[in-house]
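Please look at the model shown here with two topics in mind: how a pair of helices packs, and where open space is left.

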Amino acid sequence: MLLRLTLLYVGLAIFGFAIQAMVVADLGVPPWDVFHTGLADLLGWSLGVTTVLVSFVVLLAWIPLRERPGLGTVSNAVLIGTFVDVAARVLPTDTPDSMAVRVAIVAAAITVNGVATGMYIGARFGTGPRDGLMTGIARRRWSVRSVRTAIELSVLTAGVLLGGSIGFATLAFALAIGPIAHHSIPFFTRMTTGEPRRGRLTVTTGV
């Protein structure tokens, strides 16, 4: 249990810091955060507060879908945005002049974001609000792939219309996060379940 809690909260912290690092690099942010940054500018709120607000609005959509939140769900909703704002206070906020440095920041942020995703999902305390929305809709006889694509395109479009931060890093994140998480989720799930490295692995995201 201690290991699972550690993975959950360290993973969420890393996730929040990685998002803020991409904001500092100013080369675009993940699709959901394009929406978050656009909405934050519209409301005049911090990115972290806006992220938390959106998380709880998304959770409201779980009610008709009959999704059941877990500790990880609530922690995700509250803490990722909180850690984004913490990172904004402790990390340098000026965008580096060097393009090479900015690209390196994006590459590192995407990589650690994928690892952090594996950590908090591998902890098996429940999905985050946005992932739960995806799986809840997918259970209504839609494929996960089509639902994920529709949601990502919808929030990305809304974010662009709001003036959110979009760039090549947005595309890089969309292309790279899946393969990284594909390896990190089973790795951390094995760590918490004690399953051997070889053999069939079932990833469980519930408590």
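The report below treats the basis of the model, then the helix pair, then the pocket.

## Basis of the model

This is a predicted model, in which local features need pLDDT of at least 70 and side-chain atom pairs count only at pLDDT 80 or more, whereas totals for chains, interfaces and linings use all residues. Residues are numbered from 1 along each chain as its sequence is written, and side-chain values use heavy atoms, with hydrogens and water left out.

## Helix 1 and helix 6

Helix 1 covers residues 2-25 and helix 6 covers residues 99-122; they pack at an angle of about 160°, their axes lying 8 Å apart. Because angles over 145 degrees count as roughly antiparallel, the two helices are described as roughly antiparallel to each other.

Among the residues that meet (contact means heavy atoms within 4.5 Å) are Leu 7, Phe 15 and Met 22 in helix 1, and Ile 105, Asn 113 and Tyr 120 in helix 6. By class, this contact has 19 nonpolar, three polar and one charged residues, where Ala, Val, Leu, Ile, Met, Phe, Trp, Tyr, Cys and Pro count as nonpolar, Asp, Glu, Lys and Arg as charged, and the others, Gly among them, as polar.

## The lining of the largest pocket

A pocket is an open set of points on a 1 Å grid over the protein atoms alone, where a 1.4 Å probe fits, with protein on both sides within 12 Å along at least five of seven lines; lining residues have an atom within 4 Å of a point. The largest pocket is lined by 44 residues, and Asp 131, Met 134, Arg 148, Glu 152 and Ile 177 lie nearest its centre. Helix 9 gives the most to this lining, with 10 residues.

How values were computed
Axes are lines fitted to C-alpha atoms, for helices over the stretch in contact, and angles run from 0 to 180 degrees between N-to-C directions. Helices (H or I, at least four residues) and strands (E, at least two) are DSSP runs, numbered from the N terminus. Angles under 35 degrees count as roughly parallel, over 145 as roughly antiparallel, 65 to 115 as roughly perpendicular and the rest as oblique.
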